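Student: I have a structure open and would like to learn how to read it. Could we walk through some features together?

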Amino acid sequence: MSKSSGMSNSELPRFLIGSEVGESRKLDNRDMRNISGPYGEEEEEEDEDQSERQIVVGICSMMKKSTSKPMTEILERLCKFEYITVVIFPEEVILGEPVEKWPLCDCLISFHSKGFPLDKAMSYAKLRNPLLINDLNMQYFIQDRREVYRILKEEGIDLPRYAVLNRDPDRPEESEDHVEVNGEVFHKPFVEKPVSAEDHNVYIYYPTSAGGGSQRLFRKIGSRSSVYSPESTVRKTGSYIYEEFMPTDGTDVKVYTVGPDYAHAEARKSPALDGKVERDSEGKEIRYPVMLTAMEKLVARKVCLAFKQTVCGFDLLRANGHSFVCDVNGFSFVKNSMKYYDDCAKVLGNMVMRELAPQFHIPWSIPMEAEDIPIVPTTSGTMMELRCVIAVIRHGDRTPKQKMKMEVRNALFFELFEKYGGYKSGKLKLKKPKQLQEVLDIARQLLAELVLHNDCEIEEKKSKLEQLKTVLEMYGHFSGINRKVQLTYLPNGQPKASSEEEDTLKEGPSLLLVLKWGGELTPAGRVQAEELGRAFRCMYPGGQGDYAGFPGCGLLRLHSTYRHDLKIYASDEGRVQMTAAAFAKGLLALEGELTPILVQMVKSANMNGLLDSDSDSLTDCQQRVKARLHEIMQKSKDFNDDDYSKLAPTGSPSLVNSMGIIINPVRTCDQVHTLIKSLTQQICRRLEDPKSADLQLYHSESLELMLQRWSKLERDFRMKNGRYDISKIPDIYDCVKYDTQHNSSLALEDTLELFHLSKALADIIIPQEYGITKAEKLDIASAYCLPLVKKIQLDLQRTHEDEAVNKLHPLYSRGVMSPGRHVRTRLYFTSESHVHSLLNIFRYGGLLNEQKDEQWKQAMDYLSAVTELNYMTQIVIMLYEDNNKDPSSEERFHVELHFSPGVKGCKDEENAPLGFGFRPASSENHEKQTNPGSLEDLSQDEPDRAVLTEPINIQKKSPLVRNRKGGSMEALSESNPSSRGLAYRIFPSSSRQSPEIKPSGLGFEGYSLVPSIYPLETLHNSLSLKQVDEFLTALCKNGSETQFKRLKTLSAMFESHSQPSIDVDSLETPVTTPVQSQPTAQSLWYTGGPPSTSSGPLSPSVADPSSNFAFSSE
């Protein structure tokens, strides 16, 4: 091939391929030369032009790899080095010719892939002794995951805890929720990987408490990388590595090294999340470059050197504040990054020149690391930047919660109590299927004995045992989410409830058995949570590309580019966890089952008091309050002024209105009891009617179960002494609310009257159980949610400190403005008690003075008119930063407080209190907030803002499709064309939600509606961070001694690593530079200079030194 005219020899890419001309077209057929011999027979005049012999870099791999786009891009750049020529070994030569006939080269880039003869490549290397870019012998080890893990362990690199199962004759010991391999126990979720690295069928097994089943990962096929399976048992053939599952918040990090001193990292959606591969308009998987911490750079260096692979890819899992290596892939390139192609070619060319032609080697500096680039955030005018969103959210619609208490003294129960360590704390919670089966076995055994020895004294106990047996046998299988048994040790037996019982009381210790069932998230609850998640995106501005013009897609853009630091916490109740998972599904536009989302995205905050509360262990103050409530509500006379001052000292309109409806509490309770009786009689008649025999109620409930539910309430509400058990009122309201909404097709008489009366009673009992006076409300609220208050305070403080969060790599992030910024989101899903308590803290804790602050007074008036904190109630705190203000100024950070009372009730639409909309313009900030939700000035980006101006209502329609599984419903995904046009928007920017909009939904399972959710109302939108911080600090200091003790325990839990599910922000160990070995001939493994990073160790996160808590900053 002759030279192109007008081009010097050094400018022409020397990019040769030992093959036929036609085969080289995939590369660059303008500049490639075709050769046939060992070096090719180049034209003589070209030899004369060459003053120096070229360094030949040989590419020996399968043609699919040699001619791939990344390889072509890099080789074209490598050829620009003056003394380097590239020769690609043809596949037919590699496979068919002996190594003696292979082209000659000075430097060999050779790597294994499917079908590649690694043995021949090693023979060639032995014969010609070229400089090896990637060691060939180590590539045998990379094909075996056992060897990979052994080498990583020897190098001191963090790995997930694992065990190897070599089949024959080993068998894993498997139980429902764990597997035991070589004495190592792995509790679900755990990962099962075939030992062969070529086998990509990796399975993740989920615990029954999260729904069970497994996620099956595989090499990408079209737009899928994994699929959920209901199968829960491990594979019975083949050898596997079992390892602990690492919760990574739904992203994987892939690291690509080019020598020990260069590493490029990209994040992608974890294939285990929903199995859908996110692709761009060109069909490429969407990945975003991220910055590695100093520790991770050290790991990249160690991996590169340990496996002797200059070009090496490996996978990092970022979980619980640590980074773990879970796979080493050997030779692999980044796809679609011009910057990486430039860097890779420079690093490789540099290495080759330094090793083989040092006399011509011009030193070339390694690319500058991102940390050295000052990132200057751009803002427009005084537009504020959203920095942090904190939301505390109540779970979604659930089935009625039911409870049964019985005192037990049988030795079998005491044995069970001892077996599971009940004596340590005096309490025991049994939720696992195996444990519930044991309780059922005891109940069956005792009932069998009672039949043989019938004794009238234990008749009541027999009915309780039968109920215990019936409830545990429901559904035909156990699931940890449906039922639980609590046992509490009573050293002197249960205290007598009335003088009549004195004779029957027995002495000596006993156990109080509390059986709880029901309370599961309904399909409607799942839809509510998912819709709210989708609507929640509207708080994050922006959205570009495919998302342009869709409100709320700015969050997806933020999240997918790793600029969104998201953590989702949930209490350990199944309904709360499933709500969190469904919300995450809507928020992040995920698809498929909730189980994988729950396991990966939702952090369980159990056992630490953060979101759980043991409702059975009430504080002294709460017991006093309940006793006073019972006393006031047991009077058979009309409420007088004295009662009003006793029951509603705060003068709350919602309480006063309810007392006005009730008038006489005992008479109202009489009416309620009569209505319940009428209801049970109607259900009995329906049961006798043959037409109703196969009637299926909502969520697979039967008429028999519905009758049991109401009969139990009828029995329990009116006690033997004729008085009413006021504590059953919330349960009555719960049941009638459920049936009014979901089982209205039964058309039972008087349900609406029962609904109105029980709601009036519940609107007094429920809020007042959390305190009657302001002081009591604060005392009880502190007992419930002081740990959460402290955590919220830390979330706000940490936002504006420099921290080790996942940051986007600015050098590689073309088209993304201000890549250095991120938004922190913390979502806390919990139950009614925490929502009531937190709201009481803001209302009565003294955040602002109502007399001096008009906006706060209006907010307090609005809150006191809200009757119920229904499902999906939200308390939202948003932190903004004004980059134009001095960093030390109080005006720099701006806090807003928002609230929504959740789902709209069945009939309370017309009486709903009016707030003032979401982020209303106020006189002092009207000019600033031209676009109040703005994160940044996106005017230079693609057009991607949807302005939120009109009043909007979540769920104008609930897009539902019937799943193949009977009775189960799924919300349509956003990609469905029919749902694409629906804008899920609930946050008006300044105008008021029209109160006329009626709750709407689609016929659900035939006849049920999914109510919509009230929009967020702004309680205050001009607080300073300093104000809020001082308020929260004062609250925490005022906590009682006992609460401080509880927090110390919580602090210890956060610091310990015994709870893998708790998100700990562990301190980084200081980075030490590894000791460098002496260079050896013909090897690249120890010849690198010092690492190119200038960043030192990361600052450890330190909690406020004045406090007694050491929380995670996560």
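Student: Which order do the three strands of the open sheet have?

Tutor: Happy to help, and keep in mind that this is a predicted model. The order is S8-S9-S10, and the pairing is antiparallel. At the edges sit S8 (173–174) and S10 (184–187), each of which pairs on one side only.

Student: How many bridges join S8 to S9?

Tutor: Two bridges link S8 with S9 (residues 178–181), and these strands run antiparallel. To see one for yourself, start at Glu173, whose bridge partner in S9 is Glu180.

Student: Now for helices. What describes two packed helices?

Tutor: The angle between their axes and the distance between the axes. Take H22 (residues 729–742) and H23 (residues 751–768): their axes come within 8 Å and cross at roughly 140 degrees. That angle makes H22 oblique to H23. The crossing is left-handed. Among the residues making the contact are Ile732, Tyr733 and Val736 of H22, with Leu754, Phe755 and Ser758 of H23.

Student: What span should helix H15 have, at 1.5 Å a residue?

Tutor: H15 (residues 574–587) has 14 residues, so it should span 20 Å; the C-alpha atoms at its ends are 20 Å apart, which agrees.

Student: Is H15 mostly covered or mostly open, counting its buried residues?

Tutor: Mostly covered: 14 of its 14 residues are buried, with under 20% relative accessible area as the cut-off.

Student: What phi does Ala589 take, just after H15?

Tutor: Ala589 has a positive phi, about 55 degrees.

Notes: Residues numbered from 1 in each chain as written. Predicted model: local features only at pLDDT ≥ 70, side-chain atom pairs only at ≥ 80, totals over all residues. Heavy atoms only, no water. Helix = DSSP H or I, 4+ residues; strand = E, 2+ residues; numbered from the N terminus. Expected span 1.5 Å × (residues − 1). Buried < 20%, exposed > 50% of the residue type's maximum accessible area, 1.4 Å probe, protein only. Pairing = 2+ DSSP bridges. Axes fitted to C-alpha atoms, helices over the stretch in contact; angles between N-to-C directions. Parallel < 35°, antiparallel > 145°, perpendicular 65-115°, else oblique. Left-handed = near helix turned anticlockwise from the far one by under 90°. Contact = heavy atoms within 4.5 Å.
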